[in-house]
Amino acid sequence: MVLQVSNPNNVKIYTVSGSGCRSIPDWLERKKKRVLKNDPEWRSRIELIQDFEFPEASLRIKSTRDGCFIMATGSVYKPQIRVYEYSEMSMKFDRHTDSENVNFVILSDDWTKSVLLQNDRTIEFHTHGGIYYKTRIPKFGRDLVYHYPSCDLLIGASSHEVYRLNLNQGRFLNSFSTDSTTGINVTIINPAHQLFGFGTENGTVELWDPRSRSRIGLLAPQLPSFSENNSNLFQVTAMEYKNDGLSLAIGTSTGHILLYDLRSSKPWLVKDHQYGYPIKKLFWYDDVIGNEGKSKVISADSKIMKIWDKDNGANFTSIEPNTDINDFCVVPDSGLIFIANEGIQIGAFYIPSLGPAPKWCSFLDNLTEEMEENPQQNIYENYKFVTRKELETLGMDQLIGSNVLKPYMHGFFVDLQLYEKAKLISNPFAYADYREKIIKEKLEKERESRIRVTKKLPKVNKELASRLIKSSEKKRKILQYEEGKTATVSAVDEVNNLLKDDRFAELFTNPEYEIYEQQNLLHPTVCIIDLEFIKEIWKIL
C-alpha cells in the first residue's frame, strides 16, 4: 500500500483518498485499463471508502453522532445526498433532491432523520424512506441549527429575522428579530448552556437566551485593520462554540479568526489566514494524544485549511488542496479529516500527530509506520520537465502532440531515459565538455586555497611593488615547473618579507624615497630595480 505524504511545518499529512486534492497531473492517474495491472502504484493504491465522490463537487459533509455513518451532499445537477457506512467502507445509498443543498442537520443519532436547507427557500425533512415533508420560508436561507430541548429549528436567512420552526407542534413560531439590516449568515447553539449565537452580515454577533427568547448580549468584533466606526465593512461568516461553554471562535469575511471568552468583550487572540478569503468553517479540536490538554483550532477558507494553537496562534500544520474547499469534517477522537471540495472525489487526510486512526480503519496506523520505515519514491522520479525552447534545442519539437510528451503548465514531461538519449544525440561531446568543466573548477579551487599575495599596494612606489609581485609570480611558476609543488611558495614569501621588512619600510612609506617614473624616460640608462637587485642588496646588508 502506498499513500502520498506531504510535510508542511514538519508534520506528516497522508492523502488517503481524493484525486481532486492530489498535486499530480491527471495523465499520471488516468492510464489505459490494459496496463493498469502492470502498474505497481495502481495495484498498491488504497481507497479508504468506496465511491467516496460526487459527479461534480461536494458541498457539505457531516458525521453522525453514533460514529457509524457520514453524510454528504453535493453536485450541481442533479443535487444528491450520499450516506456512507464506516464499518462497510462503502456507500450505503444515494438520493437525489430537486434543489442544491445549502446546509443540513442530522436530527437522529444515525442518518435516518435529517433536515436539508435548499437554495430555493425550501426545507426538506428526510427519513430512511425518503422525503417526509417539505415547506418553504419567506427569504432565502443561509444556515440552520436544531435546538433539541425545545424542538425548535432555527433558520438564518437573508433577513433580520431568525425563523423558528417547532418540530413538536409542526408550525412556525414567532421569529427572533435581530438588529441586522441585511441578513443572518451563521446560527449556532452552545452545547453546554444552549446559548444561541447569530452571526450577522453587519459584522456583529448577537447572543440570545432560549429561555426568555430575548437578546442578552451584542458583540461587535474589531479587527486591527479596521477602525471602530467601520466594523460593518466585514461580515461574520463562521462561528463555533467550544464544549467548555465559554470559548467562542468567530470567522470573518476578511479571513480573520477571533477567539473570545464569553466573559469578556475583547478577543484574547486574533488570527489572520493571510489569504483574504472568507472563513467557511471553524472547529475546536481537543488533543487525544496526551499533549498536556492543549487544544487546537481548525479553520478553513476556500484556499487552505489551517490547524493552529488556540493560546498563541502558532501554526501546527495546514492542508492546501488543488480545488476550493467547501466544508470539512473531523472524525471524532481521531486524526482523520474529510474535506468537501470542488473536485470529484471527497478529500480524506490522515494526520498521525493530530490523533490516531479511527477503529474502523485502524490499519492506517500500521501503514503509516511502514511508510516511515521505507520512504516512498518521488512520483516524478522517472520524468524530466522540459520547456518548448529546450525541446527545439534537442530536436524533439516534432513530438509535440504525441503520447511521448505530457503537457503540463508551461512545458512538457518526458521520460528521463528518452531525454538522456536525445541530449546525447544532439550534443555527442556533452560529456567531454562536462569533464573539462569539472577539471577546470577543481583547478580553480586549488588555486584559491594557495597563499596569495595581498592585493593592497603601498602608498609610495606602487609601481615598484607591483613589479616585485609580478616577478615573484614568474619565479613561482618556474620553481613549480622545475621542483614541484613543494617549492611554489618560496618566491611569494620573499616578496612578502621584503614589503614588510623594517629596513625597507621607508622605501614604501616615506615620500622622499619615491621613484619618479618620468626619470626613466629622460635617462634610459637607469637600470630597473627588480627582485634580483633587491636580493643582492639584502645579502650585502
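Contacts across the chain make a suitable starting view: among those with a separation of 6 or more, 49% join residues 24 or more positions apart. The model is a predicted one. With the whole chain displayed, its secondary structure amounts to 11 helices and 32 strands. Of its 541 residues, 44% count as buried. Switching to a surface display shows an accessible surface of about 30,200 Å², of which carbon and sulfur atoms hold 50%.

**First stop: the nonpolar cores**

Select Leu 48, Phe 52, Ile 61, Leu 336, Phe 338, Trp 360 and Leu 364. These residues have the most contacts inside the largest nonpolar core, which has 28 residues. To see which elements build this core, colour β2 (13-17), β4 (69-74), β28 (336-341), β29 (347-350) and α3 (363-373); each of them supplies at least two of its residues.

Next, centre the view on Leu 336. Leaving aside residues up to four places away in sequence, Leu 336 touches Val 16, Leu 48, Cys 329, Val 330, Val 331, Phe 349, Tyr 350, Pro 358, Trp 360 and Cys 361. Apart from the largest core lies another, of 17 residues; Ile 13, Ala 300, Phe 328 and Phe 349 are among them.

**Second stop: the aromatic rings**

The whole structure holds 13 aromatic pairs. Select Phe 176 and Phe 198 to inspect one of them. The pair is classed as tilted because the planes of the two rings stand at 35°, with the centres 6.1 Å apart. Phe 176 belongs to strand β14 (residues 171-177) and Phe 198 to strand β16 (residues 196-200), so that the pair links distant parts of the chain, 22 residues apart. Both Phe 176 and Phe 198 are buried.

Add Phe 196 to the selection. Phe 196 and Phe 198 form a tilted aromatic pair as well, with 6.2 Å from centre to centre and 35° between the planes. Phe 196 is also buried. Adding Trp 208 completes the picture: ring pairs link Phe 176, Phe 196, Phe 198 and Trp 208 into a cluster.

**Third stop: charges over rings**

Select Arg 82 together with Phe 54. The charged end of Arg 82 sits over the ring of Phe 54, at 5.2 Å from the ring centre. Then move to Lys 296 and Phe 316, where the charged end of Lys 296 sits over the ring, 4.8 Å from its centre.

**Final stop: the salt bridges**

There are 12 salt bridges in the whole structure. Begin with Arg 215 and Glu 206, whose closest N and O atoms are 3.5 Å apart. Arg 215 is partly exposed, at 35% relative accessibility, whereas Glu 206 is buried, at 1%.

Continue to Asp 209 and Arg 211. The closest N and O atoms of this salt bridge are 3.1 Å apart. Asp 209 has 12% relative accessibility and counts as buried, while Arg 211, with a relative accessible area of 72%, is exposed.

Now select Arg 263 and Asp 261, which form a salt bridge with 2.9 Å between the closest N and O atoms. Is each partner buried or exposed? Arg 263 is exposed, at 67% relative accessibility; Asp 261 is buried, at 19%. The value for Asp 261 counts as buried because the class covers residues under 20% relative accessible area.

End the tour by selecting Asp 98, Glu 124 and Lys 134, which are joined into one network by salt bridges that share partners.

Notes:
Residues numbered from 1 in each chain as written. Predicted model: local features only at pLDDT ≥ 70, side-chain atom pairs only at ≥ 80, totals over all residues. Heavy atoms only, no water. Core = buried A, V, L, I, M, F, W, Y, C linked by side-chain atoms within 4.5 Å. Buried < 20%, exposed > 50% of the residue type's maximum accessible area, 1.4 Å probe, protein only. Helix = DSSP H or I, 4+ residues; strand = E, 2+ residues; numbered from the N terminus. Contact = heavy atoms within 4.5 Å. Phe/Tyr/Trp six-rings, centres within 6.5 Å; stacked < 30°, edge-to-face > 60°. Lys NZ or Arg CZ within 6 Å of the ring centre and 35° of its normal. Areas by Shrake-Rupley, 256 points an atom, 1.4 Å probe, with all protein chains shown as cover. Salt bridge = Lys/Arg side-chain N within 4 Å of Asp/Glu carboxyl O.
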